[in-house]
Each structure stands twice: as structure tokens, then as C-alpha cells.
Amino acid sequence: MKKILFSLFSFLILNMLTAQGKTLVTYYSYTGNVKSIVDELIKAQNADVVEIQPAEEGLKYEADNYAIGSALISAIRNNPDVAESYPSIKPTNIDFDKYDNIIIATPLWWSNMAAPMQSFLFENGKYMEGKNIGLIVSSSSSGIQSVIADAKRLVPEGKFSNESLWINDKNRSNMASLLGDWITTLNFTNYMAEKLLITIGNKTLTASLLDNSSSQAIVASLKKSPISYEAHDYGNFEKVGSLGETFPTNDEQITTEPGDLILYQGENLCIYYDVNSWNFTRIGKIDNITQSELKDFLGNGNCTITISLSSDSKINDIPSSKSTDLTYDILGRKARYPSDDKIYVIGGKKLIKH
Ligand SMILES: Cc1cc2nc3c(=O)[nH]c(=O)nc-3n(C[C@H](O)[C@H](O)[C@H](O)COP(=O)(O)O)c2cc1C
């Protein structure tokens, strides 16, 4: 039952992930434990999978009390910066440009990352710059801190998820549900650098925009001019109104959370303050806000909402010589200090209140 639930769950989550960027799973497995984790992981998703294989076949890493495995790890520990310390692996020829998200699944050897996976990352870590990285480590019992450190040393510019998944002999039988939980912690969502500003009256919030063709078209329109629209409450879960323009859709079945920005039928922008499930397009999420703060911001009933881009805010228009003792809201109007707004400007600097 758990397995079915996990499969359903991973299907939903991982399809969501692939909609927001393609995922590559790379793994090394000597005795098959990591392979079974990866098999479970990819049961219901479209991720590409690459197995790392040592160039030299048939080595018994565990022979003579793990003598070979131990020697390989010692060589890397002694000289981690030189290519000769890493055992040769078979070529992988991965086009990293295709992927936004990479899952690295590896065994632990003598507290460190298994040597062949270290070889792969030593050769390819530089191509993973800016990618979202999730790490899965399998050991008998040893903790995985040194493996996490190895991964970060070898992929210094990777955007690692906060939680790595540790599967060991005690929790291995529970692998399916552990994977299901871990997947929800991944940061495999790509946001645009451009922030959206949402203004009602004299209050403004920032939102992060998902990088999809709908948000891109909205950003292109906002670059010409901000959009103001009339919005009303609907269904006790959203403030919705027509943007007066039609944008491309990327509809999928979504269960909303407070703060979600949803494009409905290509022209309506919905700001969600509660839960709803429907087939529509997620374009982003309001930053750092609780449900009650959001409800306060949106108020009851009809309102006029203005959306604009953070790069177009009037902050740059404030002359620095005059700005030292003045406070402004995000639209460049003088404001009280301390300001009630989420974002305000004082001394020429943009401040975001959390
Ligand atoms: C060379 C070598 C060294 C190992 N060192 C450790 C260790 O220090 N601590 C530990 O808990 N497990 C250790 N193990 C066990 C593996 O981490 C564990 O069995 C893992 O699940 C193997 O994954 P795999 O079956 O995909 O190869 C070692 C295994 C090998 C082959």
C-alpha cells in the first residue's frame, strides 16, 4: 500500500518537477543497494538515469578487509585536487545543458563518497554549476556528513537541497516512504531572477516567478508597463481578476497553497489565500508570507491590484543625496518610518521586512 502511495505521490511530484526542469539521476552501485533505491525513485518519472561504472571491471573492493576500497579512498583523501588520485571510470558523455536538476546517488565507503562517484564528480562537477542538486547516500550504518562534504567539494557551485537522504541497513526496508518524504524537500523549482511586485493601495509584496512560458510572457508585457486590474474574492480561496490580456498557459492539475499565483484561462490572475485543486497554470509564489498576513494584505471584497517588476520600481529614481533620512515605499512615494509595508526604501536602500 505504502508503495502504491509512494508511486502515486512520486508520479505527481516528479511530473511537477520535470514540468519545471529536466532531471538527471546519476548513481554508482557496487553491491546493488543504491541501484534499488534509484529503481524505486524512477518508477514513475521521466528522469534520465546514468550509471557510473569503474573503467576496471571485476575488482573486489571489499576483499582483504576492504583493502582496495580503502586504498582508493586514502589516495583521494591525501590528494583531492589532482586527477591521478581518482580511479578511472567509463566515459559518460552527458549533455548537462539539458538538465536543471541532478540527483546524485552513491554508496558510502570508509565514511567518504564511494571512489568511482568521486571520480565522476571530479570530472563533471564544473558542469553542474547553478543546477539543483539532491544527494542520496547508502551506507551500512556510518553517518553521511563526510559524503555531503565530498559532494560539496566536488560540485562547489551546485545548489544543494537542504536535506540529503540517508538510507542505511536499519531503514532500508522503509525506503519507499523515505524517498517519498525526501522528494518533497527538494528545491527543484526554477524561479526567474526577475521578481514580481504586487501592490494594493500603499502596500507592496514581492513574488518569485516560475520560469515558464506563461511567466515569461507576463514579464515581457510588464516590461512595457505595469498592469492594474480589478479583483474580487472567489470561493473563499482566491482574489481573482482579469489582466485584460491573454497569456500562454501551461495547465496542470494543481492543489494550491496560500501565496500561489495562478493564471486561469490565460487571462485571469488568481492570488490564492487558501486551498483549491484545479487544472491551471502556476506562475509563481508570494515570498515569505503567512496565510493571515496575506489575507490582511488582500483585504475583504473588491480591490485594485497593480503588478509590476522589481527592476522597474522607482527606487532608482530616488536621488542619493536627498535619500539619507527619507523613507519611501516601493513606488517611490514618501512613507512613514517604520513603514507598514513589506518593502520600503530608506537611505536609498531597498529593505524587505520579514
Ligand atoms: C569499500 C567499501 C567500504 C565501505 N565502508 C563503509 C563504512 O565505512 N561504513 C558503512 O556503514 N558502510 C560501509 N560500506 C558499506 C556500503 O556503504 C553499503 O553496503 C552501501 O549500501 C553499498 O551500496 P551499493 O550496494 O549500492 O554498492 C562499505 C562498502 C564498501 C564496498
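Buried means under 20% relative accessible area, exposed over 50%, and partly exposed in between, with a 1.4 Å probe and protein chains only. The model is predicted: local features need pLDDT of at least 70, side-chain atom pairs count only at pLDDT 80 or more, and totals for chains, interfaces and linings use all residues. Residues are numbered from 1 along each chain as its sequence is written, and side-chain values use heavy atoms, with hydrogens and water left out.

**Exercise 1. Two positive phi angles**

Task: State whether Gln 265 is buried or exposed, and give its phi.

Solution. Start with the location. Helices (H or I, at least four residues) and strands (E, at least two) are DSSP runs, numbered from the N terminus. Gln 265 sits in the loop between strand E13 (260-264) and E14. Next, the accessibility. Gln 265 has 55% relative accessibility, so it counts as exposed. Last, the backbone. Phi of Gln 265 is positive, about 55°, although the residue is not a glycine.

Task: Do the same for Ser 111: find its place and its phi.

Solution. Ser 111 lies in the loop between E3 and strand E4 (112-113). Its phi is near 75°, a positive value in a residue other than glycine. Its relative accessible area is 34%, so Ser 111 is partly exposed.

**Exercise 2. Aromatic pairs**

Task: Count the aromatic pairs, then classify the pair of Phe 96 and Tyr 127.

Solution. A pair of aromatic rings is described by the distance of the centres and the angle of the planes. Rings of Phe, Tyr and Trp (its six-membered ring) pair if their centres lie within 6.5 Å; planes under 30 degrees apart count as stacked, over 60 as edge-to-face and the rest as tilted. By this rule there are nine aromatic pairs. One of them joins Phe 96 and Tyr 127, at 5.7 Å centre to centre with 20° between the planes: stacked. This pair links distant parts of the chain, 31 residues apart. Phe 96 is in the loop between helix H3 (63-78) and strand E3 (101-109), and Tyr 127 is in the loop between helix H4 (115-124) and strand E5 (132-138). Now compare the burial. Phe 96 is buried at 5% relative accessibility, whereas Tyr 127 is partly exposed at 44%.

Task: Classify the pair of Phe 237 and Tyr 272.

Solution. The ring centres of Phe 237 and Tyr 272 are 5.6 Å apart and the planes are at 15°, so this pair is stacked. It also links distant parts of the chain: Phe 237 is in the loop between strand E10 (227-234) and strand E11 (238-242), Tyr 272 is in strand E14 (residues 268-272), and 35 residues separate them. Phe 237 is buried at 14% relative accessible area. Tyr 272 is buried at 1%.

Task: Which residues form one aromatic cluster with Trp 109?

Solution. Tyr 28, Tyr 30 and Tyr 61 join Trp 109 in one aromatic cluster.

**Exercise 3. A helix crossing**

Task: Describe how H2 passes H6.

Solution. Take the axes. These are lines fitted to C-alpha atoms, for helices over the stretch in contact, with angles from 0 to 180 degrees between N-to-C directions. The axes of helix H2 (residues 33-41) and helix H6 (residues 175-185) come within 10 Å and cross at roughly 60°. Angles under 35 degrees count as roughly parallel, over 145 as roughly antiparallel, 65 to 115 as roughly perpendicular and the rest as oblique. H2 and H6 are therefore oblique to each other. The crossing is right-handed (the near helix is turned clockwise from the far one by less than a right angle; anticlockwise would be left-handed).

Now the contact, meaning heavy atoms within 4.5 Å. H2 supplies Ser 36, Ile 37, Glu 40 and Leu 41; H6 supplies Met 175, Ala 176, Leu 179 and Ile 183.

**Exercise 4. Buried residues**

Task: Where is Ser 138 found, and what is it in contact with?

Solution. Ser 138 is in strand E5. It is buried, at 5% relative accessible area. Beyond its neighbours within four places in sequence, Ser 138 is in contact with Asn 33, Val 34, Ile 37, Thr 106, Pro 107, Leu 108, Ile 167 and Arg 172.

Task: Repeat this for Asp 150.

Solution. Asp 150 is in helix H5 (residues 145-154). At 5% relative accessibility, it is buried. Leaving aside neighbours within four places in sequence, its contacts are Asn 112, Met 113 and Gln 118.
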